[in-house]
Amino acid sequence: MAKKKTLIHYIGMNGTSGCMPDSCNAYETKRAAVESLTDLLELTTRQARELSRDGLVYCKPGQGADYAEVSECTCSEPWVHSEGSRPEDWPDYPQPEPEPDEDSITTGDHRKFYQYGKLAFELTEGENVNQGIERELNKMQFWPNVFFISDHGNAHLIHYWEDK
Ligand SMILES: [Zn+2]
């Protein structure tokens, strides 16, 4: 199990005063954020140092932005800050549970399993659910995610491979 720790990432931004940031990215370290903005805006050594120390630096004319900013963030989804960033890029963070998609198999009772609106397979009474799912998927030669849909309509991924 991953140990509990406060996960901090750093948001690097740059933009024009009074506007939304032109670009925004999350980095694992403050140093990476500063280096990236330094490259992007061709900051001087002095500006880079200021950015690192104060978390903010004002740019000179011609540097492509009015300011660059680096701030700490402790949210649990750093990938939301960067366009094109995905949860897999942040393996230290708890990964979001997948949502059912059209190929997914769902069950409301751990007995009958549906796919594409039709019964895909049915387990026998008293059978180990996880082993049953694995056997049926192996038969199908297709291994989509399998979800238990609760009475409230919430989907829970069944980790059928974990219990052998
Ligand atoms: Zn964040």
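**Two hairpins and an open sheet**

Strands β6 and β7 make a hairpin with just 2 residues between them, and Y116 in that turn shows a positive phi of about 50 degrees. This comes from a predicted model. The two strands of the hairpin run antiparallel and are joined by 4 bridges, with β7 covering residues 118-122. Across this pairing, K112 sits opposite E122 in β7.

On to the neighbouring hairpin. Here β5 and β6 are the partners, with 4 residues between them, and the turn again holds a residue with positive phi: H110, at about 60 degrees. Strand β5 takes in residues 105-107 and β6 residues 112-115; the pair is antiparallel and held by 2 bridges. In this pairing T107 faces F113 of β6.

Both hairpins belong to a wider arrangement. An open sheet of 5 strands runs in the order β7-β6-β5-β8-β9, and its pairing is mixed. At the edges lie β7 and β9, the latter spanning residues 155-157, and each of these pairs on one side only. Leaving direction aside, neighbouring strands in the sheet are turned against each other by 35 degrees on average.

As for the protein as a whole, it splits into domain 1, covering 9-89, and domain 2, covering 105-162. Taken over C-alpha atoms, the centres of domain 1 and domain 2 are 45 Å apart.

Notes:
Residues are numbered from 1 along each chain as its sequence is written. This is a predicted model: local features need pLDDT of at least 70, side-chain atom pairs count only at pLDDT 80 or more; totals for chains, interfaces and linings use all residues. Two strands pair if DSSP finds at least two bridges between them. Domain bounds come from an automatic or database domain assignment. Axes are lines fitted to C-alpha atoms, for helices over the stretch in contact, and angles run from 0 to 180 degrees between N-to-C directions.
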